[in-house]
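Colleague: I would like to learn how to read a few features of a model like this one. Could we take them one at a time?

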Amino acid sequence: MVCPRCSSDVPEVSHFCHHCGNDMRTGDSERKNAYAARPDEAVASFKLVSTIMPQGSGKQPYTYKVALGIALLLTVVTAALGALPVAIMIAAFAIPIVYIIYLYDVNLWEDEPIPVVAAAFVLTGVLAALFTWIWSDKVGLSIATIGENRSGPSLRDLLIVLLLVPVVSELIRQIGPLYLASRPRYDDLMDGFTFGVVAGVGYACFETLVLHWGWISGGFAGPGSSAGTWISIVVLHGFIKPLVYGSATGLAGAEFSGLGEKYDGFTPRWVGGLLQAMVVNALFQGGIYLLGFVGGRGSTIGAILGVVWGLLLLGALIIRVRTVLHKGLLEAALESAARGGSNHASGDLAFCSRCEMPLLPHSDFCSACGNSVRSVPKSARGVTAATGASGYEATTGETQA
């Protein structure tokens with residue numbers, strides 16, 4: 001039979017078109033109930049692991065869920081006991097460590113995981129520490145720290161948290177991902193998104209360390225502060241903030257990489273993604289700042305409201321990320337089918353990483369479950385895919401110079 005979306009010849013037994021991912025049985029061309037990177041999930045669902053870890057995490061998602069759960073539990077317990085230095089260190093490094101383990105575990109970039117991660121994480125972290133020190137110590141807010149509010153918000157503080165910090169911090173987070181995504185080996189849509197997540201969680205880690213260095217070096221909870229306040233603060237800055245930063249920066253990185261075989265660069269779509277990330281940062285920073293005044297100085301309710309606000313933003317951002325990546329994978333496959341093939345497709349001998357069914361030669365999607373081949377690490381896309389472009393060459397007859 002013929003796919004009505006890309007006009008490819010599709011075997012009669014196929015559930016999905018192996019070229020464009022179209023659902024051949026339901027006729028739902030948008031696949032709202034089959035997320036391209038995890039077909040057993042709906043696109044509009046709050047699934048954290050399959051959203052920020054889309055490549056290869058489908059085989060063992062509970063590993064990363066358990067790791068994040070243990071880190072969160074340790075953070076809450078140590079904060080409740082007043083061991084703030086330990087709680088902050090665990091919170092700051094928990095998500096970066098889990099994410100780096102995920103990248104190494106799925107062998108995302110074959111033989112170069114450490115240099116790639118270091119370029120995006122360490123560079124961003126150093127710049128984050130420097131900028132955070134400048135705006136928090138040299139420029140300085142009129143309040144000491146979040147959770148230690150005085151009379152009320154000021155215009156100067158609002159300009160810092162709504163304009164200066166969101167704009168400059170996002171530009172810093174774009175440096176590493178844009179450099180890496182502009183290299184031919186890492187110009188895929190999913191690579192650009194992953195680089196953005198790495199930069200975002202790296203920035204959040206070092207920002208948290210600088211902002212709360214006084215608590216780390218002090219070694220005890222301040223007078224008048226409750227366990228609820230400290231738990232709320234470490235959860236907000238150690239778990240919610242890196243996910244918000246990483247998802248927002250990842251979206252911009254994905255728009256920079258674009259849909260085609262090469263990175264799109266500084267297009268209007270990237271500008272839109274960058275502005276969107278800055279707006280999310282401003283909403284996050286501004287909301288936390290203003291909610292910190294609820295209930296008075298050192299109020300637990302203000303800190304808890306900050307966590308709720310962060311979770312609301314994160315939930316909306318997860319839906320946005322899934323929608324953009326889902327549409328991007330489907331549109332990219334459709335463009336590739338129109339050109340006659342994709343160098344991101346599987347090789348001659350490959351199996352779906354999710355359902356383990358054989359893939360048709362040079363597939364962009366599994367014809368059985370609908371999983372996107374681009375959501376699988378390059379090293380696992382089949383024997384002939386190991387050269388990076390052989391799937392495309394075998395389809396089009398072209399060879400590399």
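Colleague: How many of the 31 residues of α8 are buried?

Modeller: Keep in mind that this is a predicted model. A residue counts as buried when its relative accessible area is under 20%. In α8, 28 of the 31 residues are buried, so the helix is largely enclosed by the rest of the structure.

Colleague: What span should helix α8 have, and how far apart are its end C-alpha atoms?

Modeller: The general idea is to allow 1.5 Å a residue. Helix α8 covers residues 227-257, so it should span 45 Å; the end C-alpha atoms are 44 Å apart, which agrees.

Colleague: Where does α8 bend?

Modeller: The bend, about 35 degrees, is at Ile240, and Pro242 follows within four residues. After the helix comes Gly258, with a positive phi near 80 degrees.

Colleague: Which residues does UniProt list under "transmembrane region"?

Modeller: The entry is unreviewed, and its annotations may be inferred rather than shown by experiment. The listed ranges include 62-80 and 227-252. In the model, residues 227-252 are 100% helix and 0% strand, with end C-alpha atoms 37 Å apart. Residues 62-80 are also 100% helix and 0% strand, and there the end C-alpha atoms are 26 Å apart.

Colleague: On to aromatic rings. Why is the pair of Tyr289 and Phe293 edge-to-face?

Modeller: Two rings pair if their centres lie within 6.5 Å, and planes over 60 degrees apart count as edge-to-face. By this rule there are six aromatic pairs. For Tyr289 and Phe293 the ring centres are 5.1 Å apart and the planes are at 85 degrees, so the pair is edge-to-face. Tyr289 is buried at 4% relative accessibility, and Phe293 is buried at 15%.

Colleague: What is the general reason to look at residues three or four places apart in a helix?

Modeller: An α-helix has 3.6 residues a turn, so residues at that spacing point the same way.

Colleague: Which residues form an aromatic cluster?

Modeller: Tyr203, Tyr245 and Phe284 form one. Tyr203 also has a charged neighbour: Arg173 lies over the face of its ring, 4.7 Å from the ring centre. Elsewhere, Arg322 lies over the face of Tyr35, at 4.0 Å from the ring centre.

Colleague: Is Thr124 buried or exposed, and what does Thr124 touch?

Modeller: Thr124 is in helix α4, residues 113-139. At 1% relative accessibility, Thr124 counts as buried. Leaving aside residues up to four places away in sequence, Thr124 touches Ile172, Arg173, Ala199 and Tyr203. Two of these names, Arg173 and Tyr203, are the charge and ring described above.

Methods: Residues are numbered from 1 along each chain as its sequence is written. This is a predicted model: local features need pLDDT of at least 70, side-chain atom pairs count only at pLDDT 80 or more; totals for chains, interfaces and linings use all residues. Side-chain values use heavy atoms; hydrogens and water are left out. Rings of Phe, Tyr and Trp (its six-membered ring) pair if their centres lie within 6.5 Å; planes under 30 degrees apart count as stacked, over 60 as edge-to-face and the rest as tilted. Buried means under 20% relative accessible area, exposed over 50%, partly exposed in between (1.4 Å probe, protein chains only). A charge sits over a ring if NZ of Lys or CZ of Arg is within 6 Å of the ring centre and within 35 degrees of the ring normal. Helices (H or I, at least four residues) and strands (E, at least two) are DSSP runs, numbered from the N terminus. The expected span of a helix is 1.5 Å times one less than its number of residues. The bend at a residue is the angle between axes fitted to the seven residues ending there and the seven starting there. Contact means heavy atoms within 4.5 Å.
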